[in-house]
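Trainee: I've got a model to look at and could use a walk-through. Can we go over it together?

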Amino acid sequence: MAKRSKTSTIYQLKITLNDITPPIWRQIQTPECSLTKLHEIIQTAMGWMFSHLWSFTVHGVEYSETEYGPGLEDSSSMRLSRLADEGVAAFEYTYDFGDCWKHTIHIEQTLAPEAGVKYPRCVAGERACPPEDSGGPWFYDEFLRKIRDPQHPEHQELLEWLGGEFDPEELDLDLINRRLRSSA
């Protein structure tokens with residue numbers, strides 16, 4: 001990866017939700033930021049709701065907000081530029097320690113910022129993020145089976161819980177980018 005001035009570097013990251021087939025992923029471009037800020041970007045880009053504990057794991061070291069507990073490194077002190085400079089190509093993000101949604105984050109490349117573009121932005125992706133509290137990757141297929149089958153005894157209850165509908169194939173990049181811009 002070519003070295004650039006940290007103030008003029010855009011990091012292109014691919015965030016993939018682990019243990020889900022077909023894959024759910026987002027490709028984002030972001031300026032230099034801390035892991036704390038990256039957590040906010042991931043929450044928004046994936047469609048999570050900021051409702052649960054989270055952490056990053058980089059070479060066996062866990063980063064999060066230190067008030068979560070002992071043994072955690074401060075996520076606000078670790079920056080994307082440092083990871084890239086140290087040659088980190090991939091690391092892990094875990095959201096919701098109960099459902100245990102693990103994401104692999106690949107640092108794909110560094111880019112020069114494009115004139116007139118607001119960062120961070122989501123440039124590609126596939127599929128909707130699972131709903132909060134839907135059971136984690138182990139139960140997601142079962143969850144989808146229930147909401148797709150109008151004859152299933154839990155179908156109507158789950159649809160009401162979801163607010164009426166859920167399309168696992170839906171991805172609205174414009175909506176994601178509007179949310180990213182409003183949270184920047």
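Mentor: Sure, one term to begin with: a salt bridge is a side-chain nitrogen of Lys or Arg within 4 Å of a carboxyl oxygen of Asp or Glu. Keep in mind that this is a predicted model, where local features need pLDDT of at least 70, side-chain atom pairs count only at pLDDT 80 or more, and totals for chains, interfaces and linings use all residues. Residues are numbered from 1 along each chain as its sequence is written, and side-chain values use heavy atoms, with hydrogens and water left out.

Trainee: How many salt bridges does a search of the whole structure find?

Mentor: Take one of them as a sample: Glu86 and Arg82 join through their side chains, N to O, at 2.9 Å. The search covers the whole structure, and its count of salt bridges is 8.

Trainee: Is Arg127 buried or exposed?

Mentor: Buried means under 20% relative accessible area, exposed over 50%, and partly exposed in between (1.4 Å probe, protein chains only). The salt-bridge partner of Arg127 is Glu169, at 3.3 Å from N to O. The two sit 42 residues apart, in distant parts of the chain: Glu169 in the loop between helix 4 (155-162) and helix 5, Arg127 in the loop between strand 8 and helix 3 (140-148). Glu169 is partly exposed at 47%, but Arg127, with a relative accessible area of 6%, is buried.

Trainee: You're using helix and strand numbers already. Which helix holds both Arg145 and Glu142?

Mentor: Those numbers count from the N terminus, and the elements are DSSP runs: helices are H or I of at least four residues, strands are E of at least two. Arg145 and Glu142 make a salt bridge with their closest N and O atoms 2.6 Å apart. Arg145 is partly exposed at 41%, and Glu142 is partly exposed too, at 31%. They are 3 residues apart, about one turn, and both lie in helix 3.

Trainee: On to the sheet. What is the order of its strands?

Mentor: Two strands pair if DSSP finds at least two bridges between them. In general, strands of a sheet pair through backbone hydrogen bonds, either parallel or antiparallel. Here the sheet is open, with 8 strands and mixed pairing, in the order 5-4-3-6-7-1-2-8.

Trainee: Which strands stand at the edges?

Mentor: An edge strand has a single partner strand, so one of its sides is left without a neighbour in the sheet. At one edge, 2 bridges tie strand 4 (residues 61-64) to strand 5 in parallel, with Ser64 opposite Asp74. The edge strands are strand 5 (73-74) and strand 8 (121-126).

Trainee: In the hairpin of strand 3 and strand 4, which residue takes a positive phi?

Mentor: Strand 3 and strand 4 run antiparallel, joined by 3 bridges, and Phe56 has Tyr63 as its bridge partner in strand 4. The hairpin leaves 2 residues between the strands, and the one with a positive phi, near 50°, is His59.

Trainee: Where does Trp25 lie, and what does it touch?

Mentor: At 15% relative accessibility, Trp25 is buried, and it lies in strand 2. Contact means heavy atoms within 4.5 Å. Leaving out residues up to four places away in sequence, Trp25 touches Lys14, Ile15, Thr16, Ala124, Gly125 and Glu126.

Trainee: What about the helices on the sheet: at what angle does helix 1 run to strand 2?

Mentor: Axes are lines fitted to C-alpha atoms, for helices over the stretch in contact, and angles run from 0 to 180 degrees between N-to-C directions. Helix 1 (residues 35-46) lies across several strands, including strand 1 (10-17) and strand 7 (101-111), and its angle to strand 2 (24-31) is about 135°.

Trainee: Are helix 1 and helix 5 roughly parallel or roughly antiparallel to each other?

Mentor: Their axes come within 9 Å and cross at roughly 150°. Residues Lys37, Ile41, Thr44 and Ala45 of helix 1 meet Ile176, Arg179, Leu180 and Ser183 of helix 5. By the cut-offs, under 35 degrees is roughly parallel, over 145 roughly antiparallel, 65 to 115 roughly perpendicular and the rest oblique. Helix 1 and helix 5 are therefore roughly antiparallel.
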